[in-house]
Amino acid sequence: MNKIKLSLLILLFALFSAFTFHKFYVGVFTIDYFKEKKAVQITARLFIDDLEKVLYKKHNKHFYLTTKDEISDANTFIANYLSEKLKIKINNKVQTLQFLSKEQEDNIVICYLKIPCKDNVKTLDIFNNVLSDIFDEQQNLVHLNINGNKKTILFTNTETNQKLKYK
């Protein structure tokens, strides 16, 4: 009886050891154009540990994001990183992202950005390779709501550009 239990235990251990847990590398972005506010608002949802890893790799310093030990200029580093890895052209004109704030929700950091936009959006060019510099498997979903047109597009390590036209 003990040999059967031991064999069963070894079998169960082998089965469970065969399954490895793989982290899911995804960022979720929302881009909304509000004509009445004359602005494009962007929300980026990223795993805190992933953002910390990329910032550490780039600057060789710990940021301790969303903790009491967060460095004082963390938002500047985040804003610079996002501006480098997320580029938006509206009507064929390169835009400057304005970092507004960030907040934490569980293990996610939510970053709020804005682009002033007085003209109606006719074309939107998006370059997005946020976190792709350290995670080859990184995927970034972008939910768009432009002029009442809703669409979701996927950016990967090899698909980093999308161009959209609106009426």
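These are my notebook entries on what I looked up in this predicted model.

**Entry 1: the overall layout**

I started with the element count and found 3 helices and 10 strands in the protein. Reading along the sequence, I wrote down the pattern α-β-β-α-α-β-β-β-β-β-β-β-β. I then checked burial: of the 167 residues, 39% are buried. For contacts, I took those between residues at least 6 apart in sequence, and 57% of them join residues at least 24 apart.

**Entry 2: helix H2 by itself**

I wanted to see whether the length of H2 adds up. H2 has 12 residues, which at 1.5 Å a residue should span 16 Å, and its end C-alpha atoms are indeed 16 Å apart, so the two agree.

Next question: which residues of H2 are buried? I found Ile48, Asp50, Leu51, Val54 and Leu55. They cover an arc of only 170° around the axis, so they sit on the same side of H2. A reminder to myself: an α-helix has 3.6 residues a turn, so residues three or four places apart point the same way.

What do the buried residues of H2 pack against? My list has strand S2 (39–47), H3, strand S5 (98–105) and strand S6 (108–116). I also looked just past the end of the helix, where Asn60 takes a positive phi of about 55°.

**Entry 3: H2 against H3**

H3 was on that list, so I looked at the pair more carefully. The axes of H2 (residues 48–59) and H3 (residues 74–85) come within 11 Å and cross at roughly 90°. Angles of 65 to 115 degrees count as roughly perpendicular, so H2 is roughly perpendicular to H3.

Which residues make the contact? From H2 I noted Leu51, Val54, Leu55, Lys58 and His59, and from H3 Phe77, Ile78, Tyr81 and Glu84. Sorted by class, the contact has 6 nonpolar, 1 polar and 2 charged residues. Leu51, Val54 and Leu55 of H2 were also among the buried residues I had listed earlier.

**Entry 4: two strand residues**

I picked Thr43 in strand S2. Is Thr43 buried or exposed? Its relative accessibility is 15%, and buried means under 20%, so Thr43 counts as buried. Not counting residues up to four places away in sequence, Thr43 touches Val28, Phe29, Thr30, Ile110, Cys111 and Tyr112.

Then I moved to Val142 in strand S8 (residues 139–146). Val142 has a relative accessible area of 1%, so it is buried. Leaving aside neighbours within four places in sequence, I found Val142 in contact with Phe29, Ile31, Asn128, Lys151, Thr152, Ile153 and Phe155. I also computed a distance: Val142 and Ala44 are 98 residues apart in sequence, yet their C-alpha atoms are 9.0 Å apart in space.

**Entry 5: asparagines with positive phi**

Most residues other than glycine have a negative phi, and that is what sent me looking at the loops.

Where is Asn92 found? I located Asn92 in the loop between strand S3 (86–90) and strand S4 (93–94). Its phi is positive, about 65°, although Asn92 is not a glycine. With 53% relative accessibility, Asn92 counts as exposed.

Asn147 lies in the loop between S8 and strand S9 (149–155). Phi of Asn147 is near 55°, again a positive value in a residue other than glycine. Asn147 has a relative accessible area of 28%, so I put it down as partly exposed.

Note on methods
Residues are numbered from 1 along each chain as its sequence is written. This is a predicted model: local features need pLDDT of at least 70, side-chain atom pairs count only at pLDDT 80 or more; totals for chains, interfaces and linings use all residues. Side-chain values use heavy atoms; hydrogens and water are left out. Axes are lines fitted to C-alpha atoms, for helices over the stretch in contact, and angles run from 0 to 180 degrees between N-to-C directions. Helices (H or I, at least four residues) and strands (E, at least two) are DSSP runs, numbered from the N terminus. Angles under 35 degrees count as roughly parallel, over 145 as roughly antiparallel, 65 to 115 as roughly perpendicular and the rest as oblique. Contact means heavy atoms within 4.5 Å. Ala, Val, Leu, Ile, Met, Phe, Trp, Tyr, Cys and Pro count as nonpolar, Asp, Glu, Lys and Arg as charged, and the others, Gly among them, as polar. The expected span of a helix is 1.5 Å times one less than its number of residues. Buried means under 20% relative accessible area, exposed over 50%, partly exposed in between (1.4 Å probe, protein chains only). The arc is that of the directions from the helix axis to the C-beta atoms.
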